[in-house]
Amino acid sequence: MKTDHLLIIRFSAQGEVAMLVPVVSSLARQYPDLRITVLSRPFARVFFDELAPNVGFMEADLQGEYRGVKGLNALYRRLIAKNFTAIADMHDTLSSKYLRMRFKMSRYRVEHINRHVAERQKLTAQNNKKLRQLSTAFDNYTDVLARLGYPVELDFQSVFPATGGNLRLVSEEIGEKKIFQQWIGVAPFAIYKEKVYPPEKMEQVVAEIIRRHPSCRVLLFGRTEAEQKVLDSWCARYKECTNASALLGSIDQELIVMSHLDVMLCMDSVNMHLAALTGIRIVSVWGATHPYAGFLGYNQRMSDVVQADMSCRPCSVFGNTPCLRGDNACMAAIDPITIADSVERVLNELPVQTGVM
């Protein structure tokens, strides 16, 4: 009997690909005889290479080797040699649509994601806005699998065991987590400025957290040179702060450290989705975007979301639309103490640690 071999396609930014991890993990566990191959951009290999024995990964550089129609045709020829029995297009963009068309012409079983464009337009409309929860990305992914004959119940908890990742695999400057020491992650940036809480206000949040928990350790996450400068300035002013990203050389190392956080404070950003893969609680701050669009981190709680109630929100699904008011009031309206209080509530709800991590 021929073994079923499912191809899952998702070309996109890190956050959206990270949201696929809980779905693929659950699928692999519930269908152990199913071969699964994830096709994505090269950066995504770290998410899937060791996810499960029956999960493989193929990278495709659509800006290089597989650019344009000629490149996609070459990619298709490479894919059909893998003997897939079904295709799940989890992206539904020009590149994946073209591949989907080729597979359909060859009579493969093919299904694609419903991105609910009309509903998203109503959610972000400035007039007659329909503010309601839409299908989440996880719902949309599992719907595709169900239509292919693989219904899935999401049972993913973390990419690591309950004890977290191995801290010995990261920089010695990170060190061990001491008994009763709280590790609080702060990732204050996002790719679009409309999703970023003003850094000067976020510094006030950090200062307030440290005031309330003087023995805590604040681990900071950021990537660009400009972000690193801000984080380094905070570290110079607060001895409790560590620029974790400056000490960590890869996404997998960042995931290890995130798995030992008591809470992560972040924006609607890739760091929210990375932290969610480690099973920790996340306090997320939202501005131009809204969790109702379906992109809240996996297994996260609406009660841990901080956002201002404004009639113009959300104005964007992904945050790539300039503020119509021009002042990003949806972020500026949030009091730093409100964010610090949300972090405090999560910390108070966590079980007491009884040993060294």
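1. Pro314 sits in the loop between strand S11 (305-307) and helix H13 (329-332). In this predicted model, the peptide bond from Arg313 to Pro314 is cis, with omega near -10°. Most peptide bonds are trans. The bond before Pro314 is therefore worth a look when you step along the backbone, because most peptide bonds are not cis.

2. Phe318 is also found in the loop between S11 and H13. Together with Ile191 and Tyr192, Phe318 forms a nonpolar patch on the surface, and the patch has about 300 Å² of accessible area. Phe318 counts as partly exposed because its relative accessibility is 34%, and the partly exposed class runs between 20% and 50%.

3. Two residues have an unusual sign of phi. Most residues other than glycine have a negative phi. Asn83 has a positive phi, near 60°, and lies in the loop between helix H4 (68-80) and strand S4 (86-89). Phe180 has a positive phi as well, near 65°. Phe180 belongs to the loop between helix H7 (137-147) and strand S6 (183-187). Is Phe180 buried or exposed? Its relative accessible area is 59%, so Phe180 is exposed.

4. Arg281 lies in the loop between helix H12 (270-276) and strand S10 (282-286). With a relative accessible area of 11%, Arg281 is buried, because buried means under 20%. Which side chains make polar contacts with that of Arg281? One is Asp304, at 2.8 Å, and another is Glu349, also at 2.8 Å. Leaving out residues up to four places away in sequence, Arg281 touches ten residues listed here by stretch: Asp262, Val263 and Met264; Gln300, Arg301 and Asp304; and Arg345, Val346, Glu349 and Leu350.

5. How many disulfides does a search of the whole structure find? The search finds zero. Cys235 is in no disulfide, and the nearest cysteine sulfur, that of Cys241, is 5.4 Å away. Seen from the other side, the closest cysteine sulfur to that of Cys241 is in Cys235, and 5.4 Å is too far for a bond, because a disulfide needs the two sulfur atoms within 2.5 Å. The two cysteines also fall in separate exposure classes: Cys235 is partly exposed at 22% relative accessibility, whereas Cys241 is buried at 7%.

6. Helix H11 (residues 251-258) is mostly covered, with six of its eight residues buried. Those buried residues are Ile251, Glu254, Leu255, Ile256, Val257 and Met258. What do the buried residues of H11 pack against? Their helix partners are H1 (14-18), H3 (45-48), H10 (244-247) and H12, and their strand partners are S7 (217-220) and S9 (263-267).

7. Arg35 lies in strand S2 (residues 35-40) and is partly exposed, at 45% relative accessibility. Apart from neighbours within four places in sequence, Arg35 is in contact with Thr3, Asp4, His5, Leu6 and Asn54. Arg35 and Asp335 are 300 residues apart in sequence, and their C-alpha atoms are 49 Å apart in space.

8. A search of the whole structure finds 21 salt bridges. One of them joins the side chains of Arg45 and Glu59, at 3.4 Å from N to O. This pair links distant parts of the chain, since Arg45 is in helix H3 and Glu59 is in strand S3 (residues 55-59), 14 residues apart. Both ends are partly exposed: Arg45 has 30% relative accessibility and Glu59 has 33%.

9. Glu208 takes part in two salt bridges, with Arg211 at 2.7 Å and with Arg212 at 2.8 Å, N to O in each case. Arg211 and Glu208 both lie in helix H8 (residues 199-212), three residues apart, or about one turn of the helix. Arg212 and Glu208 are likewise separated by about one helical turn, because they are four residues apart in H8. An α-helix has 3.6 residues a turn, so residues three or four places apart point the same way. Glu208 is buried at 14% relative accessibility, whereas Arg211 is exposed at 56% and Arg212 is partly exposed at 25%.

Terms used. Residues numbered from 1 in each chain as written. Predicted model: local features only at pLDDT ≥ 70, side-chain atom pairs only at ≥ 80, totals over all residues. Heavy atoms only, no water. Helix = DSSP H or I, 4+ residues; strand = E, 2+ residues; numbered from the N terminus. Buried < 20%, exposed > 50% of the residue type's maximum accessible area, 1.4 Å probe, protein only. Polar contact = N/O pair within 3.5 Å; in protein donor to acceptor, adjacent residues only side chain to side chain. Contact = heavy atoms within 4.5 Å. Patch = residues over 30% accessible without salt bridge, like charges linked within 9 Å, V, L, I, M, F, W, Y side chains within 5 Å. Areas by Shrake-Rupley, 256 points an atom, 1.4 Å probe, with all protein chains shown as cover. Salt bridge = Lys/Arg side-chain N within 4 Å of Asp/Glu carboxyl O.
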